[in-house]
Amino acid sequence: MGIWGSLFLLFLILISAYQSFAKEGSAEELNEEFTEGLLLRPLADRKVLAHFHFQSSVPPTRTYGRHHHLFPKSIYQLIKKFRVREMELSFTQGRWNYERWGGYDPISSSNAKPPGVELWAIFDVPLDQVDASWKNLTHALSGLFCASINFLEHSTSYSAPQWSFRSFTGKLRYGTLPREAVCTENLTPWLKLLPCRDKAGISALMDRPSIYRGYYHSQRLHFTSDEYDTAKSNSGIMLEQTLTVVLQPNTLGARAMVSGKTLQPSWSLSSLFGRKVHGKCSVSKSSNVYVQFEQNLVSELKEVWKESEESERGILTHNNFWTNPIFEMSASPHRIVKEVGNLQQEDSSILYEFSVEDFNDSEPFDLGLKWKLPVAWSCQQAPLRASRFLMGSGNERGAIAISLKSSRNNNTQRVGCSENGSQLRIDIFQVVPWYVKVYYHTLKVFVDGELQSTMENIEKMHISSSEDKVSPGVMEMILRLPCGVKTAALTLEFDKGFLHIDEYPPDANQGFDIPSAVVSFTDFQASIGFEDNFLNKLPILNELQERKHVICYTEVLLVPLTTPDFSMPYNVITITCTVFALYFGSLLNALRRRVGEEERLLKSKAAKKRGPLTSILSKLFAKLTGRPIKPPETQSASPSSINYKVIVKVILVAGMAVGWQYYFR
């Protein structure tokens, strides 16, 4: 019996050892990861684009467990409690300039957001529980990011797109707050989700004054989860945090001139952000800084310097940047990567990679770029430039117009037409508040200034009419335009509704906002492919290589509505209270006054006014002069006169009351 017991015990030990080795092997394969990166890009209008990218990933709970070391607990609780499959939240200050900063690249397609707050989420719950999950999610996010996201809980503030925005029918909710102000109260909770916050690594560059003085600032949070989808692979939860800023370099004194042309401003990390990088975050798997020269800039750089064929080829890829005739970098890059697979243009964009792992407090990383020769170029544009404006005047009715104009460079448009036939496909998604009553049957389409039949140019359309104080109006449309179109416009007429006095905001005279419309060019995809396969493992470069539809947002419209005179209730209340105070005050004063008490009060006041010293002096003066001592005189009216005055006042007040009642009867 002892031998069998020892064998059984040995068998249990072997099984436990095997399980422990298996867990260790799976832990090595599936583990939490965190990466950070920064992309810097010179812009054509003498500004600099800074794009911070942070990614945190964790394996599925069923294989890894619920205890996390790097992944933020608050985000995991949101996913777990509200069963969120995918969510994106953005806080934006300013508006992206598509004409000067580009509209046909991965950064603008995914990080150019509308002003204010934009939130959309896809839930993994039954259809009848989606609205309740959305409301609870907005309240949780409002407390987490110190914002007014809870205003999106009402059904008048969000919509349910069918097919134009995302492909998840019925379980997607979308809402915006165009007037939400963005400040450091929103950035601080966002930074707390990072393992090193803003104390170490690339996130240490996020100086609040430097970021908020920029022309454009957008912080975005996007995560995907397959916790409740067993059909997918074990990808777990992927959290992506990006911060996109457009900054103006500090140029001291006058602008540098060369041959009568203005040089691009020189800049460095310390001049842009006021800080330097003192090494990477200790838990980061990769920490790199990239400088990108886009295609049009590369073409212009080759045109500037054409002394020889050899110099033209090696000017952008030569490692000795101190002898470069056009620009100079303060540090030598670890790697230079060229874009591949771009057949539209002969030149391609170039990435310069700098690693910050070898830097520390004694030797911080401060990358700088200095221009030696003037260079002028233009950014890549979307096939059509979209804008939106209001037409009409007055407080009764008006019209919304969406304008589409061909960009100056139509190479992208021609390539898209050759690949997708003779027409351009444009998806339009627009949400209008319920108090702007849109008449969708008045839709008109103009192509190159001529009115067209809506059936010829509209391939598909879905309309959800607004309901007063219940839901907004939603329009989803697939528009087909000729390939060589120069201008196109859509118009919709509307009437302005009336709100209850309690529904007006504090600044009602400023106007009411209509959220930005989303214009998508589904036939065009913005991506950058690189020649090095190792770069596919870096998340910030995966974002550039991911094929995304070209998307742009229109302006936020400000609609003036009829507003009441909010001072009138105050005036009415003030006048009414004054009349009642005079009426009841006089009546109570006349009825409650007593003559005897008034005489005694006057005598006591007179005695107090004289005092002991005054009485002694008066007595002494009377003895010296031989006059009799007189008591203090009091001014008191006779009872008959007092009674007469009281009777007159009572009669006067009673007459006023009778006249008041007769007048209002």
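Three bridges join strand E19 to strand E26 (residues 518-526), and the two strands run antiparallel. One pair in this ladder is Ile-428 with its bridge partner Val-519 in E26. The model is a predicted one.

E19 and E26 belong to an open sheet of five strands. Its order is E22-E23-E19-E26-E28, with antiparallel pairing. Strand E22 (458-464) and strand E28 (548-553) form the edges, and each pairs on one side only. Neighbouring strands here are turned by 20° against each other on average, direction ignored. Strands of a sheet pair through backbone hydrogen bonds, either parallel or antiparallel.

E16 offers another set of pairings. Strand E16 (residues 368-371) runs antiparallel to strand E11 (residues 267-268), joined by two bridges. Here Ser-268 has Gly-368 of E16 as its bridge partner. E16 also runs antiparallel to strand E13 (residues 327-329), this time through three bridges. Met-329 stands opposite Leu-369 in E16.

Now turn to a helix. H6 covers residues 130-145. Its 16 residues, at 1.5 Å a residue, should span 22 Å, and the end C-alpha atoms are 22 Å apart, so the two values agree. Which residues of H6 are buried? They are Val-130, Ser-133, Trp-134, Leu-137, Thr-138, Leu-141, Ser-142 and Phe-145. Cys-146 follows H6 and has a positive phi, near 55°.

Next come the pockets. Rolling a probe the size of a water molecule over the atoms shows where empty space is left. The largest pocket holds about 1,300 Å³ of space. It is lined by 44 residues, and His-222, Glu-240, Glu-543, Glu-546 and Lys-548 are the closest to its centre. By class, this lining has 11 nonpolar, 17 polar and 16 charged residues.

The second largest pocket contains about 1,000 Å³ of space. Its lining counts 30 residues, with Phe-151, Ser-157, Leu-177, Tyr-435 and Phe-512 nearest its centre. Four strands give two or more residues to this lining: E5 (158-159), E6 (172-177), E19 (423-432) and E25 (512-514). Which element gives the most to the lining of the second largest pocket? E6 does, with four residues. By class, the lining of the second largest pocket has 17 nonpolar, seven polar and six charged residues.

E19 thus returns at the end of the tour. This strand pairs with E26 in the five-stranded sheet, and E19 also helps to line the second largest pocket.

Key
Residues numbered from 1 in each chain as written. Predicted model: local features only at pLDDT ≥ 70, side-chain atom pairs only at ≥ 80, totals over all residues. Heavy atoms only, no water. 1 Å grid on protein atoms, 1.4 Å probe; cavity = no way out; pocket = protein on both sides within 12 Å on 5 of 7 lines; lining within 4 Å. Points joined across faces, edges and corners; volume = space filled by probe spheres on them. Nonpolar A, V, L, I, M, F, W, Y, C, P; charged D, E, K, R; others polar. Pairing = 2+ DSSP bridges. Expected span 1.5 Å × (residues − 1). Buried < 20%, exposed > 50% of the residue type's maximum accessible area, 1.4 Å probe, protein only. Axes fitted to C-alpha atoms, helices over the stretch in contact; angles between N-to-C directions.
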